[in-house]
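Could you walk me through this model in my viewer? I would like to know what to select next and what is there at each stop.

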Amino acid sequence: MASTRDVLDLLDELAMLTTLKEQSPQSFKVRAYENAKQAIQGDGRDVTQLSATELTKIKGIGKSTAGKIREFMEHGEVEKLEQLRAEFPPSVVELSRIPGVGPKTLALMRSELDIQDLDGLKAALDAKKLRELKGLGAKAEEKIGTAIERLGLSGKDRRRSIGDAMPLAERLVAELLSHEIVSDALYCGSLRRMSETIGDVDITVASTDGPGVMAIVRDQSAVHEVILSGDTKTSFLTRDGMQVDVRVVSAEQFGAATLYFTGSKAHNIAMRQRALDRGLLLNEYGLLRKPEDDTEGDTEIVASETEEAIYEALDMAYVPPVMRENTGEVQASIDDSLPDLVQVAHIRGDLHYHTDRSGDGRSTVEDMIAEAAGRGYEYLAITDHGEDLAINGSTAEEMLEHREHISEAAKAHPDMTVLWGCELNIGAAGSLDYEDEFRARFDYTVASVHSHYDQSVRDQTARLIAAISDPTVNSIGHLTGRYIGRRPGIEIDVDVVLEALFQFDKALEVNGALQRLDAASDVVRKAVDRGVKLVINTDSHHVSELGRIEYGVKTAQRGWAPRELVVNTWPKKKFLDWIGHPVD
Ligand code: DGT
Ligand code: CA
Ligand code: CA
Ligand code: ZN
């Protein structure tokens, strides 16, 4: 059965493909789909149960969109969407995501040069044909070529961004868990380790009814093409070519299987060696002891039901999945010297948080504050965009009004300290919004890059250091500004930037938005080694986004971040002291 989530996905896809069709994200039709999506999110009801009339009564949903939602509910597909999908197959959609390839350029590439996929585009780039298109030129051509290279879009084993893979995997696992015959299910592989890019999705299921589970899997709406399906394993492709492997094991073997299929391969090999050193065998079925004489007798199962039991039987501390990369965690686990990692439960506040004061914020001050209070936060920084971010920012005057609004709304939650903050925009050469004096009045600031991604390493490093050294800045948000797999971030000298953060005692943000995960876990690990303070944020623009804190925390854990370095795990007094704010 389709869910509200499926309807939101439907509207997303319609908006995206209609943008390509109309060659503009501003088109009336695109806006209609986007408004409908926001309206449904705001309404909160299960829209699959509503009639066309009830749907159109929701403000923001027009007649035509309501009709499409009903068509989807009744027929399982929408004719308009099928037409758009035929006109813009996944290989073409993929091209539209390359920075520099807008809908108009895409249309020209197809009509003038017959480019229909990445290979076609690369051939045209090699032949320097792109520059001949109307509105392009040698510079634009070069930019597109560089983007393809830096995003790693080429090659046979091309990888997907975690932001594309995670929602799919989470939904499949939830769906599987809702069935009686499934006793457990977990996504494993690189996704469970929080790699930024995913080769394929690996799901492990515990059940005594393999064929039954396989039938459920084949029936999922995400399945575009089944590659293979036996009694215990099904592999399928989604519409945009992502591969998913689902394997069924018995509940007794679940821990051994998830350990194996989570990997990494290098971690598995080191674990197997640890087992061998103790005369044991480790594989996807369990930690096993062979009979003495090799031929007679049964193999004894030492541990297999849970991952914890296997680590314990090997005299090792449990290694969190995000650390299983064989970069020192195996030895640290043996020595019992794994760091005291930050956990979601340690987080006491979110410090990068937008409201509808920002052009791109979609929930009210009241709702955003209530949502944070609902999570039990002790403090919160509302950091709407500063004035330099043209469409999204606020003037000094608007910010002062906003401060009043915030303190009024905060009265409903007296246990939580709500800080009047700002997300400052770091200009091309490191400038920040407002007059110095005004900027200094904010309770808390996060400064981040939102433009000028193409400067030299030297200039970008200097740019960040200018912001870090500014006395009004408390933290640096989404360090590189990247969108994983979509937009390469700025290139910087990481060591120099981390040294500056340490010297000026500023916090480095770990941004939990899946398309960002910025600073990346490898940068976090260097920051931890240098003793740089961290702050884990959601960068929420809507009340539905606070849950991202989990991804931020996992990214920090992947960088071995200990609790004490993360400033938003600190008790309120300690945190407020650090930012120089009076404690109330
Ligand atoms: P991916 O899919 O490329 O993003 O990365 P993974 O880590 O998900 O790799 P995948 O899907 O090929 O295999 C899933 C896990 O299965 C992997 O992390 C470890 C385990 N595995 C796969 N092949 C081998 C192998 O040859 N030896 C060992 N020890 N483990 C393996
Ligand atoms: Ca995989
Ligand atoms: Ca796999
Ligand atoms: Zn932001």
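Start by colouring domain 3 (160-249) and domain 4 (256-335): both give residues to the shell around ligand 1, so the ligand lies between them. Keep in mind as you go that this is a predicted model.

Next, select the surroundings of ligand 1. You should find 16 residues there, with Arg159, Ser190, Arg193, Gly199 and Asp200 as the closest. Sorted by class, this shell holds six charged, seven polar and three nonpolar residues. Now switch to a cartoon view and pick out helix H11 (189-192), helix H13 (254-262) and helix H14 (265-277), each of which supplies at least two residues of the shell.

Zoom in on the polar contacts of ligand 1. Show the side chain of arginine 193, where a polar atom sits 2.9 Å from an oxygen atom of the ligand. Then move to glycine 199: here a polar backbone atom is 2.7 Å from a ligand oxygen. Go on to aspartate 202, whose side chain places an N or O atom 3.0 Å from an oxygen atom of ligand 1. Now put a surface on the ligand: on its own, ligand 1 has 590 Å² of accessible area, and the protein covers 72% of that.

For the last stop, leave the ligand and select the cysteines. How many disulfides does a search of the whole structure find? The count is zero. Two cysteines to centre on are cysteine 188 and cysteine 422. Cysteine 188 is buried, since its relative accessible area is 1%, and cysteine 422 is buried too, at 0%.

Notes:
Residues numbered from 1 in each chain as written. Chains lettered and ligands numbered in written order. Predicted model: local features only at pLDDT ≥ 70, side-chain atom pairs only at ≥ 80, totals over all residues. Heavy atoms only, no water. Near = heavy atom within 4 Å. Polar contact = N/O pair within 3.5 Å; in protein donor to acceptor, adjacent residues only side chain to side chain. Areas by Shrake-Rupley, 256 points an atom, 1.4 Å probe, with all protein chains shown as cover. Helix = DSSP H or I, 4+ residues; strand = E, 2+ residues; numbered from the N terminus. Nonpolar A, V, L, I, M, F, W, Y, C, P; charged D, E, K, R; others polar. Domains from an automatic or database assignment. Disulfide = S-S within 2.5 Å. Buried < 20%, exposed > 50% of the residue type's maximum accessible area, 1.4 Å probe, protein only.
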